[in-house]
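Colleague: I would like to learn how to read a model like this one. Please show it, and then we can go through it.

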Amino acid sequence: MLFTPFTFQNGKTAKNRIFKSAMEEQLAQNDQPSEKLVRLYGTWAKGGAGVLVTGNVMVAESGKGSINDVVISDSRSLE
Ligand SMILES: Cc1cc2nc3c(=O)[nH]c(=O)nc-3n(C[C@H](O)[C@H](O)[C@H](O)COP(=O)(O)O)c2cc1C
């Protein structure tokens, strides 16, 4: 069962039911995703989980929960 696909109500399908829940990474640098954060998600992706939920990613600086949270309030870090 764990390795069977799961289709969400919005029609998106995860390839398996392994789900990494949100965890506060605290790996931003000047509010932007750091190389360490990108590498972490790359490593998790290679691990094969069907769903990776991000930790705190704020859409406004006023919403930061900690000093090293990512803030994406413009297009700088979209790539
Ligand atoms: C943005 C965000 C960040 C989170 N960060 C952490 C974290 O750093 N450590 C943690 O144990 N849970 C964190 N949580 C909660 C977990 O994602 C998860 O909901 C919680 O551990 C309960 O999981 P369970 O229902 O499977 O027991 C975070 C949740 C959100 C929404």
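Colleague: Which oxygen or nitrogen contacts should I look for, and how far is a polar side-chain atom of Ser 21 from an oxygen atom of the ligand?

Modeller: First, this is a predicted model, where local features need pLDDT of at least 70 and side-chain atom pairs pLDDT 80 or more, while totals for chains, interfaces and linings use all residues. Residues are numbered from 1 along each chain as its sequence is written, and side-chain values use heavy atoms, without hydrogens and water. A polar contact is a pair of N or O atoms within 3.5 Å. For Ser 21 the distance is 2.7 Å. A backbone N or O atom of Ala 22 lies 2.5 Å from a ligand oxygen, and a polar backbone atom of Glu 24 lies 2.9 Å from a ligand oxygen.

Colleague: How much of the ligand does the protein bury?

Modeller: Accessible areas come from the Shrake-Rupley method with a 1.4 Å probe. Alone, the ligand exposes 620 Å², and the protein buries 30% of that.

Colleague: Where is Gln 26, and is it buried or exposed?

Modeller: Buried means under 20% relative accessible area, exposed over 50%, and partly exposed in between (1.4 Å probe, protein chains only). Gln 26 sits in the loop between strand 3 and strand 4 (28-29), strands being DSSP runs (E) of at least two residues, numbered from the N terminus. At 35%, Gln 26 is partly exposed. Its phi is positive, about 55°, although it is not a glycine.

Colleague: What is the phi of Asn 30?

Modeller: About 50°, again in a residue that is not a glycine. Asn 30 is exposed, at 74% relative accessibility.

Methods
Polar contact = N/O pair within 3.5 Å; in protein donor to acceptor, adjacent residues only side chain to side chain. Helix = DSSP H or I, 4+ residues; strand = E, 2+ residues; numbered from the N terminus.
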